[in-house]
Amino acid sequence: MNYRFWCGECGFKSTWGDPSEAGRQHEDHYTARHPGLPLGGQVETGTKGPAAGGGLGCAGMVVAVVLLLIIAAACGR
């Protein structure tokens, strides 16, 4: 599971990541941009984002196979 924290004072969003990393970014943001205010905002959870696998998945495999077929056809001539 990935987490992303949203600031309650402005439009800042932490990057997707584990709760401790995203929470640290949230705290660092409040310390730098909103000193003296208690942490606020909301937490978004999801399975999307880089830590959840992201990438091209099946599309990357299809492209690789097509390129191998093109190379094989060019070498066969």
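## A walk from one salt bridge to the whole fold

Arg24 forms a salt bridge with Asp28, and the closest nitrogen and oxygen atoms of the pair lie 2.9 Å apart. This distance, like every value that follows, comes from a predicted model. Both Arg24 and Asp28 belong to helix α1, where they stand 4 residues apart, about one turn of the helix. An α-helix has 3.6 residues a turn, so residues three or four places apart point the same way. Side chains of opposite charge can pair when their charged atoms come close.

Arg24 also has a partner on its other side in the sequence, for Glu21 forms a salt bridge with Arg24 in which the closest N and O atoms are 2.7 Å apart. Because Glu21 and Arg24 are 3 residues apart in helix α1, about one helical turn separates them. How exposed are the residues of these two pairs? Glu21 counts as partly exposed at 31% relative accessibility, Arg24 is partly exposed with a relative accessible area of 40%, and Asp28 is likewise partly exposed at 41%. Through salt bridges that share partners, Glu21, Arg24 and Asp28 are joined into one network.

The structure holds 3 salt bridges, and one of them takes us out of the helix. Glu44 forms a salt bridge with Arg4, and here the closest N and O atoms are 2.8 Å apart. This pair links distant parts of the chain, since Glu44 lies in strand β2 (residues 42-46) and Arg4 in strand β1 (residues 2-6), 40 residues apart. The partners are covered to unlike degrees: Glu44 counts as partly exposed because its relative accessibility is 26%, whereas Arg4 is buried, with a relative accessible area of 17%, and the cut-off that matters here is that buried means under 20%.

With both strands and one helix now introduced, the overall layout can be described. The protein has 2 helices and 2 strands, and from the N terminus on these elements run β-α-β-α. Of its 77 residues, 18% count as buried. The protein exposes about 5600 Å², of which carbon and sulfur atoms supply 63%. When contacts between residues at least 6 apart in sequence are considered, 45% of them join residues at least 24 apart.

Let us return to helix α1 and consider its form and its two faces. Helix α1 has 15 residues and reaches 21 Å from its first C-alpha to its last, close to the 21 Å expected at 1.5 Å a residue. Which residues of α1 are buried? They are Ala22, Gly23, Gln25, His26, His29 and Tyr30. Because these buried residues cover an arc of only 155° around the axis, they are on the same side of α1. The buried residues of α1 pack against β1, while the face turned away from the buried side carries the exposed residues Ser20, Thr31 and Ala32.

Two members of the buried side show what such a position involves. His26, which is found in helix α1, counts as buried because its relative accessibility is 5%. Leaving aside residues up to four places away in sequence, His26 touches Phe5, Trp6, Cys7, Phe12, Leu39 and Gly40. Gln25, whose place is also in helix α1 (residues 19-33), is buried with a relative accessible area of 17%. With the same allowance for residues up to four places away, Gln25 touches Phe12, Ser14 and Thr15. Phe12 is thus named among the contacts of His26 and among those of Gln25.

The last stop is on the surface, at the other helix. Which residues make a nonpolar surface patch of about 430 Å²? The patch is made by Val62, Val63, Val66, Leu67 and Ile70. One of these, Val66, is found in helix α2 (residues 58-75). Because its relative accessibility is 42%, Val66 counts as partly exposed.

To gather the path together, the charged network of Glu21, Arg24 and Asp28 belongs to a helix whose buried residues pack against β1, the bridge between Glu44 and Arg4 links strand β2 with strand β1, and a nonpolar patch that includes Val66 is part of the surface.

Key. Residues are numbered from 1 along each chain as its sequence is written. This is a predicted model: local features need pLDDT of at least 70, side-chain atom pairs count only at pLDDT 80 or more; totals for chains, interfaces and linings use all residues. Side-chain values use heavy atoms; hydrogens and water are left out. Patches are made of residues with over 30% relative accessible area and no salt bridge: like charges are joined within 9 Å, nonpolar side chains (Val, Leu, Ile, Met, Phe, Trp, Tyr) within 5 Å. Accessible areas come from the Shrake-Rupley method with a 1.4 Å probe; for residues, only the protein chains shown count as cover. A salt bridge is a side-chain nitrogen of Lys or Arg within 4 Å of a carboxyl oxygen of Asp or Glu. Buried means under 20% relative accessible area, exposed over 50%, partly exposed in between (1.4 Å probe, protein chains only). Contact means heavy atoms within 4.5 Å. The expected span of a helix is 1.5 Å times one less than its number of residues. The arc is that of the directions from the helix axis to the C-beta atoms.
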